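Q: I should like to take a close look at a single part of this protein. Please begin from the material shown below and explain one residue and its surroundings.

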Amino acid sequence: MEPERLIAADVNQSGSVTVVDLIQMRKLILNYYDEFPNAPSWRFIPADYEFPIPTNPWFEPFPTQMELSPTSPVANFVPHFTGIKIGDVNGSVIPN
């Protein structure tokens with residue numbers, strides 16, 4: 001499975017996919033929750049980041065931000081991130 005899908009499935013942000021994630025997804029679908037209680041709606045990872053072990057994206061902390069040096073030419077800098085919608089394990093989200 002792709003690391004992005006595993007991160008999307010980890011809705012309680014525990015660093016693994018367990019039955020607790022499934023229970024929380026079910027509660028969201030059944031309107032028990034309006035949003036997942038322990039997770040942001042989206043996670044963003046630099047698009048050029050390569051997971052050392054794709055089947056275990058939590059092997060090492062993955063970056064969720066980029067730092068610019070004070071001397072970086074910001075005018076033409078366009079950061080590229082991969083957006084991961086938490087709970088969207090089939091990749092069907094349509095962001096607006």
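Which side chain of opposite charge is nearest to arginine 43, and how many Å away is that side chain?

A: The model discussed here is predicted. The nearest side chain of opposite charge to arginine 43 is that of aspartate 10, at 6.2 Å. A salt bridge requires a side-chain nitrogen of Lys or Arg within 4 Å of a carboxyl oxygen of Asp or Glu, so a separation of 6.2 Å does not qualify. Arginine 43 is therefore a buried residue without a salt bridge.

It is useful to place arginine 43 in the chain. The protein chain contains two helices and two strands, and their order from the N terminus is α-α-β-β. Arginine 43 belongs to strand 1, which covers residues 42-46. Of the 96 residues in the protein chain, 25% are buried, and arginine 43 is buried as well as charged.

Although arginine 43 has no salt bridge, its side chain does have a polar partner. The side chains of arginine 43 and glutamine 13 are joined by a polar contact of 2.5 Å. Glutamine 13 also appears among the residues that arginine 43 touches once neighbours within four places in sequence are set aside. The others in that set are Ile7, Phe62, Thr64, Thr82, Gly83, Ile84 and Ile86.

The view from aspartate 10 completes the comparison. This residue is situated in the loop between helix 1 and helix 2. Aspartate 10 is likewise buried and without a salt bridge, and its nearest side chain of opposite charge is arginine 43, 6.2 Å away. A polar atom of the aspartate 10 side chain lies 2.9 Å from the backbone nitrogen of glycine 15. Beyond its neighbours within four places in sequence, aspartate 10 is in contact with Gly15, Ser16, Val17, Asp21 and Trp58.

A salt bridge does occur elsewhere, and the structure holds one. It is formed by the side chains of glutamate 2 and arginine 5, with 3.5 Å from N to O. Glutamate 2 has a relative accessible area of 44%, so it counts as partly exposed. Arginine 5 is also partly exposed, because its relative accessibility is 33%. The charged pair that forms the salt bridge is thus glutamate 2 with arginine 5, whereas arginine 43 and aspartate 10 are buried and have none.

Some of the residues around arginine 43 also have other partners. Thr82 and Ile84, which arginine 43 contacts, are touched by glutamate 4 too, as is Phe51, when residues up to four places away in sequence are not counted. Glutamate 4 is located in helix 1, residues 3-9, and is partly exposed because its relative accessibility is 28%. Its C-alpha atom is 9.2 Å from that of isoleucine 45, although 41 residues separate the two in sequence.

Ile86, another contact of arginine 43, is one of the residues lining the largest pocket. That pocket holds about 190 Å³ of space, and its lining also includes Met25, Phe36, Pro40 and Lys85. Helix 2, residues 19-29, gives the most to this lining, with three residues.

Finally, the wider pattern of contacts may be considered. Among contacts in the protein chain with a separation of 6 or more, 60% are between residues 24 or more positions apart.

Methods. Residues numbered from 1 in each chain as written. Predicted model: local features only at pLDDT ≥ 70, side-chain atom pairs only at ≥ 80, totals over all residues. Heavy atoms only, no water. Helix = DSSP H or I, 4+ residues; strand = E, 2+ residues; numbered from the N terminus. Buried < 20%, exposed > 50% of the residue type's maximum accessible area, 1.4 Å probe, protein only. Lys, Arg positive; Asp, Glu negative; His and termini not counted. Polar contact = N/O pair within 3.5 Å; in protein donor to acceptor, adjacent residues only side chain to side chain. Contact = heavy atoms within 4.5 Å. 1 Å grid on protein atoms, 1.4 Å probe; cavity = no way out; pocket = protein on both sides within 12 Å on 5 of 7 lines; lining within 4 Å. Points joined across faces, edges and corners; volume = space filled by probe spheres on them.
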